[in-house]
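Please look through the structure shown here and work out how each label attached to it is earned. The questions and answers set values beside the definitions behind them.

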Amino acid sequence: MHNVRKVVDDLYWVGASEKRIALFENIHPLENGVSYNAYVLLDEKTVLFDTADWTVGRQFLENVDYVLNGRPLDYVVINHMEPDHAASIEEIILRHPDVKVVSTEKAFMMMHQFNFPVNDNFVQVKAGDSMSFGKHNVVFVDAPMVHWPEAMVTFDTTNGVLFSADAFGSFKSLDGARFADEVDFKNDWLDEARRYYTNIVGKYGPQVMELLKKAGTIDIKVICPLHGPIWRQDLGWIIDKYVHWATYQPEEKGVLVVYASMYGNTEAAAHILAAKLVEKGMTNIKMYDVSKTHMSYLISEVFKYSHLALLSCTYNLGIFPPMEDFLRDMQRLNLQKRVCAVVENGSWAPQAGSKMIEMLQDMKQMTVLNEQVSVLSSVNKMTESELDDLAESIIESMGQEYKY
Ligand code: FEO
């Protein structure tokens, strides 16, 4: 049975949501599912913008058939070739053998690599090219590395709709809604939108900024992403979030406390530090046990907050492995511009602190506070006082010295 929604005149959402998949890209947990969006334009020509993951293939195909209502499909525009969107191309071509596939040179190369049966019926486009489907004219804008190198976005100059590919997407199934103004995005979606962006595209901030610059020159009225809700209101609000994430500017002044603790003593140090911060007036604090939190959530949080406190026990004369993984992931995703506090613990040769600092200093524009604390097994009077100094230093650094 079909499940479609009109977006604007002539344009229909034909995607699908699901909650069965446990891991996105087989790595990031999906506690609340995900949507795969695709869109059909009914003009003199019929146009499908992207396809859907094969896991929702049947629903997607029923939706396309329903909207086409017997008309042949003339074009399928592929903005992004990752299989969560492109996996159903083959079935679309089999059902509509005369359909013309429209995409970039790199995308066609990938279609061949993935063994999709694209024959001579294709239109290769590049940045700045345009096409007319009747009343609707579109222009293609390249978007390399947002999130793969072949990616592009398509702008309908007739109605101001931007088909934004992975940009402005989010984890979570749509649960009946289709538009961001139909959900409480700030409270129910923002964390998942950030977790999606930072883990999937976070490494490519400069490329995202390039795309945002290009987008700034066109009059966008509606943003149709490939995941998550469609934006037809408050476009400036979500674009501002993207500018923060893409330029690695924190969204909020606050402290993310992440600790690695084997027997609870480093955890106790984390609680003492957090309590001192709250006593001194900083209440915007989030605390996580690195061993019990999936990396994708920590990455999302570290993109959000201005300050990062890392507390790690020493393990095999190095950083506790899950903490090292977190630092490595921050490096991989190009995280920058945070103020960091470091606390180590060790019972005979504490080493985690200097090694965490090395890793932080390998990232761009990271400030490591001078007040470091080295706990010997458990916090004593002296290290409790040093934690107090560290909390004071964090609070001081929230002032004029670091501007967000
Ligand atoms: Fe949702 Fe890069 O694919």
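Q: What makes up the secondary structure of the chain, and how are its elements defined?
A: The secondary structure of the chain comes to twelve helices and 23 strands, where helices (H or I, at least four residues) and strands (E, at least two) are DSSP runs, numbered from the N terminus. This is a predicted model, in which local features need pLDDT of at least 70 and side-chain atom pairs count only at pLDDT 80 or more, while totals for chains, interfaces and linings use all residues. Residues are numbered from 1 along each chain as its sequence is written, and side-chain values use heavy atoms, with hydrogens and water left out.

Q: Why is the chain called as compact as a globular protein of its length?
A: The radius of gyration, taken over C-alpha atoms, is set against the globule rule, which is 2.2 Å times the number of residues to the power 0.38. For 404 residues the rule gives 22 Å, and the chain has 24 Å, which is close to that value, so the chain is as compact as a globular protein of that length. Taken along the principal axes, the C-alpha atoms fill a box of roughly 80 × 40 × 35 Å.

Q: What share of the chain is buried, and what share of its contacts joins residues 24 or more positions apart?
A: Buried residues (under 20% relative accessible area, with exposed meaning over 50% and partly exposed in between, for a 1.4 Å probe and protein chains only) make up 56% of the 404 residues. Contact means heavy atoms within 4.5 Å, and among contacts with a separation of 6 or more, 73% are between residues 24 or more positions apart.

Q: How many side chains count as positive and how many as negative?
A: Lys and Arg count as positive and Asp and Glu as negative, while His and the chain ends are not counted. By that count the chain has 37 positive and 55 negative side chains. With each charge placed at NZ of Lys, CZ of Arg, CG of Asp or CD of Glu, the centres of the two sets lie 2 Å apart.

Q: Why is Glu-371 called partly exposed?
A: Glu-371 has a relative accessibility of 32%, a value that falls between the two cut-offs, and therefore counts as partly exposed. Glu-371 sits in the loop between β22 (367-368) and β23 (373-376), and, not counting residues up to four places away in sequence, touches Asp-389, Leu-390 and Ser-393.

Q: How do you know that Glu-371 and Ser-393 make a polar contact?
A: A polar contact is a pair of N or O atoms within 3.5 Å; within protein, one must be able to donate a hydrogen and the other to accept it, and residues adjacent in sequence count only if both atoms are side-chain atoms. The side chains of Glu-371 and Ser-393 are joined at 2.8 Å, which is within that limit.

Q: Is Asn-79 buried or exposed, and what does its side chain meet?
A: Asn-79 has a relative accessible area of 1%, so Asn-79 is buried. Its place is the loop between β9 (75-77) and α2 (83-86), and a polar contact of 2.7 Å joins its side chain to that of Thr-154. Leaving aside residues up to four places away in sequence, Asn-79 also touches others, including Phe-49, Glu-150 and Phe-163.

Q: Why is Met-295 called buried?
A: The relative accessible area of Met-295 is 18%, which is under the cut-off, so Met-295 is buried. Met-295 belongs to helix α9 (residues 295-304), and among the residues that it touches, not counting those up to four places away in sequence, are Pro-322 and Phe-326.

Q: What makes Ser-261 buried, and which backbone nitrogens lie by its side chain?
A: Ser-261 has a relative accessible area of 14% and is therefore buried. Ser-261 lies in the loop between β17 (252-260) and α8 (265-279), where a polar atom of its side chain is 3.4 Å from the backbone nitrogen of Thr-266 and a polar atom of its side chain is 3.1 Å from the backbone nitrogen of Glu-267.

Q: What is the phi of Asp-10, and what is the peptide bond from Val-146 to His-147?
A: Most residues other than glycine have a negative phi, and most peptide bonds are trans. Asp-10, in the loop between β1 (5-8) and β2 (11-13), has a positive phi near 80°, and the peptide bond from Val-146 to His-147 is cis, with omega near 25°.
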